[in-house]
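Please open the structure in your viewer and keep the selection panel at hand, as this tour moves from one selection to the next and says what is found at each stop.

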Amino acid sequence: MDIREYLKNNRLITDGAMGTYFDSLKNKEIMAEEANVSDPEVIRNIHVEYIRAGARLLRTNTFAVTQGILGNNEEAERNIHAACVIAQDAVEECKRKGILKPSEEVYIGADFGPLLSDGEKTWEETMDEYRFLCDCFLKEKIDAFVFETQAEIDFVEEITKYIKEQKDIFILVQFSFDKTGYTKSGLSMKSMIKRMESMETTDAYGFNCGMSSSHLYQMLKDVRFGGNKIISALPNASYTKVIRGKTFYSNNIPYYTDMMEKLDKLGIRILGGCCGTTPEYVEALSARLYGSALSNLLITDNLKDGYEISQEKNLLKEKLDKGEKIIMVELDPPFDDCVDKVLEGASYLAGKGTDIITLSDSPLGRARMESALLAVKIHEKTGMPVMPHLSCRDRNTIAIRGMLLGLNMYGIRNLLVVTGDPVQKGDPTRQVFEHNSIRLMNYIKTMNEEVFPGHGFLYGGALNYAGVNKEAIAKRMKDKMAAGAACFLTQPVYSDADMERIAYLKKETGAKIIVGIMPLVSHKNAVFIHNEMPGITVPEEIMERYAENLTREEYERIAVEVSVDIIKKMGDYVDGYYFMTPFNRYRLIQEIIDKI
């Protein structure tokens with residue numbers, strides 16, 4: 001019987017965790033997936049234990065094959081074949097030994113974990129890798145595809161469409177949410193449900209890992225689904241405890257079973273376990289649920305967003321919408337606790353043509369005062385709109401979410417979202433990079449919709465215009481715009497060639513571009529920027545103007561003239577100017593603003 005036909009009148013209980021159960025048996029000598037080739041008997045025995053316990057959906061031991069642990073495609077294909085054969089052998093063994101009745105079905109699901117990306121691969125390269133792995137599974141005797149512990153949804157539609165074009169096979173996609181109802185990439189439960197209900201290339205979707213059974217029940221008990229898909233729930237046995245480097249889960253089978261019964265009564269049709277669940281968990285779950293009446297999902301006829309974003313007045317948004325030029329001035333957070341100069345500069349610029357103060361977030365990976373907290377201080381002191389830069393380098397998702405909640409509470413509504421400069425080689429500091437700028441933008445976009453309706457963030461992105469492939473730069477800009485970026489702030493511009501590049505990117509994308517203007521204030525400063533700042537070119541004719549041994553006043557006069565000239569050249573096709581203040585010389589910036 002096809003798995004879809006089976007699910008019309010039956011619940012489907014899956015196996016439990018392969019990885020954590022294998023680790024408890026083998027003491028983490030090797031990864032579970034490696035044992036498909038090196039120790040197939042132990043994997044087959046685990047499958048048999050789960051079938052004996054009542055599992056009728058058996059996932060192949062391939063969760064981490066998608067994460068590049070096997071080195072190359074040939075080894076991955078070999079491992080996938082071995083995993084599928086082991087699962088089939090386990091089913092046949094159970095039939096021979098009478099563990100399964102002749103009429104009983106056990107379905108084999110090709111198990112996919114999230115695809116590990118090192119950040120170097122393009123979208124198409126990543127999808128090619130996924131397609132290859134899917135092709136490997138499609139050669140085998142399987143009944144379903146099971147995508148697990150997913151954090152992002154964009155790839156799902158493309159890869160499931162690819163699978164369906166090859167074969168009409170059952171596809172289940174499961175996401176991992178934390179206790180706040182968000183995935184690691186910022187996908188909300190509401191957004192996931194809305195998109196999955198409308199996705200024609202999947203048969204079922206649901207939840208695995210991330211949460212315990214009790215928290216998953218609390219999250220789902222009032223949810224209304226669309227009613228078009230089968231729903232799954234495979235929570236962890238419990239939350240983890242780490243003692244002397246070893247991970248432990250609570251032995252809470254009765255409690256877990258009680259919670260799973262509650263999930264079953266919500267109409268969830270595919271149930272089982274993730275990390276920490278063993279054959280004993282599956283046996284208790286099977287004993288409790290098999291033979292009991294099926295429940296129906298709580299459904300709604302209409303899954304609407306129900307949100308309006310950015311109703312609150314925002315000066316930056318208003319000027320961008322009207323096509324008026326934006327004047328931004330960047331001030332540098334200090335390396336110590338003295339903020340007098342920064343506050344003095346912000347107060348001096350207020351009301352004199354500057355629209356917004358922006359604050360960098362530890363450029364070059366050197367620790368400065370927290371830009372977001374300094375932004376709050378400046379906003380309270382001067383009333384000026386502020387735009388702190390928010391880097392992905394130093395914060396995990398928990399810290400980022402907390403920062404966004406706090407900033408919004410203080411009325412900070414503008415952000416520049418950047419991936420962040422890496423920590424310099426030789427520095428023992430650990431960097432985080434759970435997100436890149438696009439993923440963080442999508443995270444903020446979701447929070448705007450669901451946490452800050454009517455008072456969300458307006459955010460921009462950085463534009464590093466000086467790359468070899470200008471088409472690739474334009475594509476990344478479009479990706480950021482799709483993620484909600486309202487504008488782009490560029491690196492400093494000096495040369496005609498760089499101005500032409502920005503004009504091309506503006507025409508190609510239609511983006512709002514705020515061009516970087518950084519006055520050079522000495523011969524030494526000009527030489528440094530030209531030679532040590534990657535991607536920034538100071539043309540020879542400008543370098544010649546910065547002769548050695550001029551006075552400060554002479555250098556500043558040249559800085560004003562050069563900056564005004566650049567602004568005039570670019571005025572027809574940029575949307576504003578982003579002034580980077582050299583050495584806190586905010587009066588110099590004001591002089592340039594006055595002249596334009």
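Begin by selecting phenylalanine 433, which lies in the loop between β14 and α16 (437-450). The model is a predicted one, and in it the phi of phenylalanine 433 is near 55 degrees, a positive value in a residue other than glycine. Phenylalanine 433 counts as partly exposed because its relative accessibility is 28%.

For a second phenylalanine, move to residue 583, which is found in the loop between β18 and α22. Phenylalanine 583 likewise has a positive phi, of about 55 degrees, although it is not a glycine. With a relative accessibility of 61%, phenylalanine 583 counts as exposed.

**The barrel**

Now select the strands β11-β12-β13-β14-β15-β16-β17-β18, which form a closed barrel of 8 strands with parallel pairing. From one strand to the next, the twist averages 30 degrees.

Within the barrel, turn to strand β12 (residues 356-359), whose two faces are both covered: Ile356 and Thr358 are buried on one side, and Ile357 and Leu359 are buried on the other. In a regular strand, the side chains alternate between the two faces of the sheet. On one flank, β11 and β12 pair in the parallel sense over 4 bridges, and if you pick glutamate 330 you will find that its bridge partner in β12 is threonine 358. Adding helix α13 (residues 340-349) to the selection shows a right-handed β-α-β unit made by β11, α13 and β12. Next, β12 pairs with strand β13 (residues 386-391), again in the parallel sense, over 3 bridges, and there the bridge partner of threonine 358 is methionine 387 in β13. Follow the chain from β12 through helix α14 (residues 371-382) to β13, and you trace a β-α-β crossover that is right-handed.

Further round, select strand β14 (residues 414-418) and β15, which run parallel and are joined by 4 bridges. A pair to mark here is leucine 416, which stands opposite glycine 460 in β15.

To see helices against the barrel strands, show α21, which lies across β17 and β18 (576-580) and runs at about 160 degrees to β17. Helix α22 (residues 586-595) lies across β11 (326-331) and β18, running at about 160 degrees to β18.

**Helix α18**

Select residues 496-509, the 14 residues of helix α18, whose end C-alpha atoms are 20 Å apart; this agrees with the 20 Å that the helix should span at 1.5 Å a residue. Colour Asp498, Met499, Arg501, Ile502, Leu505, Lys506 and Thr509, which are buried. When you look down the axis of α18, these buried residues fall within an arc of 155 degrees, so they line one face of the helix. On the other side of α18, Ala497, Glu500 and Lys507 are exposed. What covers the buried residues of α18? The cover includes β15 (458-463), α17 (470-482), β16 (488-492), β17 (513-517) and α21 (552-570). Just after α18, stop at glycine 510, which takes a positive phi of about 75 degrees.

**Strand β6 and its neighbours**

Go now to strand β6 (residues 204-212), where 8 of the 9 residues are buried, so that the strand is largely enclosed by the rest of the structure. Strand β5 (residues 170-175) pairs with β6 in the parallel sense over 4 bridges, and the bridge partner of glutamine 174 in β6 is glycine 206. Strand β7 (residues 230-236) runs parallel to β6 and is joined to β6 by 6 bridges, with tyrosine 205 standing opposite isoleucine 231 in β7. From β6 the chain crosses through helix α9 (residues 213-220) to β7, in a β-α-β crossover that is right-handed.

In helix α9, select methionine 219, which counts as partly exposed because its relative accessibility is 24%. Not counting residues up to four places away in sequence, methionine 219 touches Lys179, Thr180, Gly181, Met189 and Met211. A C-alpha to C-alpha distance drawn from methionine 219 to phenylalanine 177 comes to 9.9 Å, while the two are 42 residues apart in sequence.

The last stop is serine 238, in the loop between β7 and β8 (241-243). Is serine 238 buried or exposed? Serine 238 is buried, with a relative accessible area of 6%. Leaving aside neighbours within four places in sequence, serine 238 is in contact with Ser212, Tyr249, Ser250 and Asn252.

Key:
Residues numbered from 1 in each chain as written. Predicted model: local features only at pLDDT ≥ 70, side-chain atom pairs only at ≥ 80, totals over all residues. Heavy atoms only, no water. Expected span 1.5 Å × (residues − 1). Buried < 20%, exposed > 50% of the residue type's maximum accessible area, 1.4 Å probe, protein only. Arc of directions from axis to C-beta. Contact = heavy atoms within 4.5 Å. Pairing = 2+ DSSP bridges. Right-handed = clockwise from strand over helix to strand, strands pointing away. Axes fitted to C-alpha atoms, helices over the stretch in contact; angles between N-to-C directions.
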